[in-house]
Amino acid sequence: MPITEPDAAARAATDLPMLDASIADCFACPRLVAWRESVAETKVARFRDETYWARPVPGFGDPMARILIVGLAPAAHGGNRTGRVFTGDESGEFLWKALHAQGLSDRPVSRRAGDGLTLPRLRIAAAVRCAPPANMPTPEEQQRCRPYLVRELQLLPELRVILPLGSIGWDAALRSLAAMGHATPRPKPPFGHGAEARIGPYTLLGSYHPSQQNTYTGRLTQPMLQQVLARARDLAGLQPA
């Protein structure tokens with residue numbers, strides 16, 4: 001049955017597979033539903049022969065993750081096409097390379113779901129689970145989607161580090177932790193590359209998003225991202241790569 005009440009669906013999920021199924025069946029945001037489906041109809045020339053996922057994209061990775069990466073939202077022709085976060089787009093290519101270099105991914109490239117990719121002690125999710133127009137979900141859409149992230153955090157028993165990519169992911173993590181009952185600092189910890197905040201049992205660790213806007217301009221480089229990932233690994237108590 002299509003999900004139209006994310007809060008109720010998230011609270012009802014007793015494990016990650018149940019949560020993932022609820023996310024994939026969500027129709028709560030009419031603007032995002034229309035956009036994800038229209039993109040799948042029009043496509044782009046290089047993917048014209050592919051069938052798009054065109055649904056919300058669940059989290060992916062190790063259920064015993066100690067690190068959770070929180071992105072912004074699926075890319076229109078990336079996750080919205082492949083059905084897996086950061087898979088099939090330029091941002092993902094940049095991220096997988098850095099994760100592999102730090103021993104957090106078993107391969108440096110991933111262009112399709114079902115390729116056997118594994119993320120030891122790592123999981124990746126998004127603040128908003130549907131591809132938004134212009135990569136900009138509205139505040140209302142972010143709020144409506146947030147219960148999924150709250151529940152995902154609750155269902156990761158070994159989680160120690162939350163690594164948002166970009167300011168929207170940072171805010172989503174802060175608001176999700178507050179919804180879980182953890183006292184968050186006031187004033188709000190500012191987002192920045194390498195910013196850290198201790199909240200409850202978790203360390204919040206920020207990074208610029210690996211969007212083309214950041215990577216092509218040099219605002220985010222591979223050494224910069226790998227430095228943050230190495231810090232996340234250390235905070236999580238994982239062995240060096």
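Helix axes here are lines fitted to C-alpha atoms over the stretch in contact, and angles between N-to-C directions run from 0 to 180 degrees. The points below concern a predicted model.

1. **Packing of H2 on H6.** Helix H2 (residues 16-24) packs with H6 at an angle of about 170°. Their axes lie 10 Å apart. Angles over 145 degrees count as roughly antiparallel, so H2 and H6 are roughly antiparallel to each other. From H2, the contact takes Leu16, Leu19, Ser22 and Ile23. From H6, it takes Tyr148, Arg151 and Glu152. By class, the residues of this contact are four nonpolar, one polar and two charged.

2. **Length and bend of H6.** H6 covers residues 139-154, 16 residues in total. From first C-alpha to last it reaches 23 Å, close to the 22 Å expected at 1.5 Å a residue. The helix still bends, by about 35° at Cys145. A proline, Pro147, follows within four residues of Cys145.

3. **Burial along H6.** Which residues of H6 are buried? They are Glu141, Gln142, Cys145, Arg146, Pro147, Tyr148, Leu149, Val150, Arg151, Glu152 and Leu153. The bend residue, Cys145, is thus on the buried list. Tyr148, Arg151 and Glu152, which touch H2, are on that list too.

4. **Ser176 against H6.** Ser176 sits in helix H7 (residues 167-179). Its relative accessibility is 0%, so Ser176 counts as buried. Beyond its neighbours within four places in sequence, Ser176 contacts Arg146, Leu149, Val150 and Leu153. Those four residues are among the buried residues of H6. As a general point, an α-helix has 3.6 residues a turn, so residues three or four places apart point the same way.

5. **Backbone points to check by eye.** Most residues other than glycine have a negative phi, and most peptide bonds are trans. Three places here depart from that pattern.

6. **Cis peptide bond.** The bond from Arg186 to Pro187 is cis, with omega near 5°. Pro187 lies in the loop between H7 and strand E5 (196-199).

7. **Lys43.** Phi of Lys43 is near 55°, a positive value in a non-glycine residue. Lys43 is placed in the loop between helix H3 (30-42) and strand E1 (60-61). With 22% relative accessibility, Lys43 counts as partly exposed.

8. **Phe86.** Phe86 also has a positive phi, about 55°, although it is not a glycine. Its place is the loop between helix H4 (79-82) and helix H5 (90-101). Is Phe86 buried or exposed? Phe86 counts as buried, because its relative accessibility is 10%.

Methods
Residues are numbered from 1 along each chain as its sequence is written. This is a predicted model: local features need pLDDT of at least 70, side-chain atom pairs count only at pLDDT 80 or more; totals for chains, interfaces and linings use all residues. Side-chain values use heavy atoms; hydrogens and water are left out. Helices (H or I, at least four residues) and strands (E, at least two) are DSSP runs, numbered from the N terminus. The expected span of a helix is 1.5 Å times one less than its number of residues. The bend at a residue is the angle between axes fitted to the seven residues ending there and the seven starting there. Buried means under 20% relative accessible area, exposed over 50%, partly exposed in between (1.4 Å probe, protein chains only). Angles under 35 degrees count as roughly parallel, over 145 as roughly antiparallel, 65 to 115 as roughly perpendicular and the rest as oblique. Contact means heavy atoms within 4.5 Å. Ala, Val, Leu, Ile, Met, Phe, Trp, Tyr, Cys and Pro count as nonpolar, Asp, Glu, Lys and Arg as charged, and the others, Gly among them, as polar.
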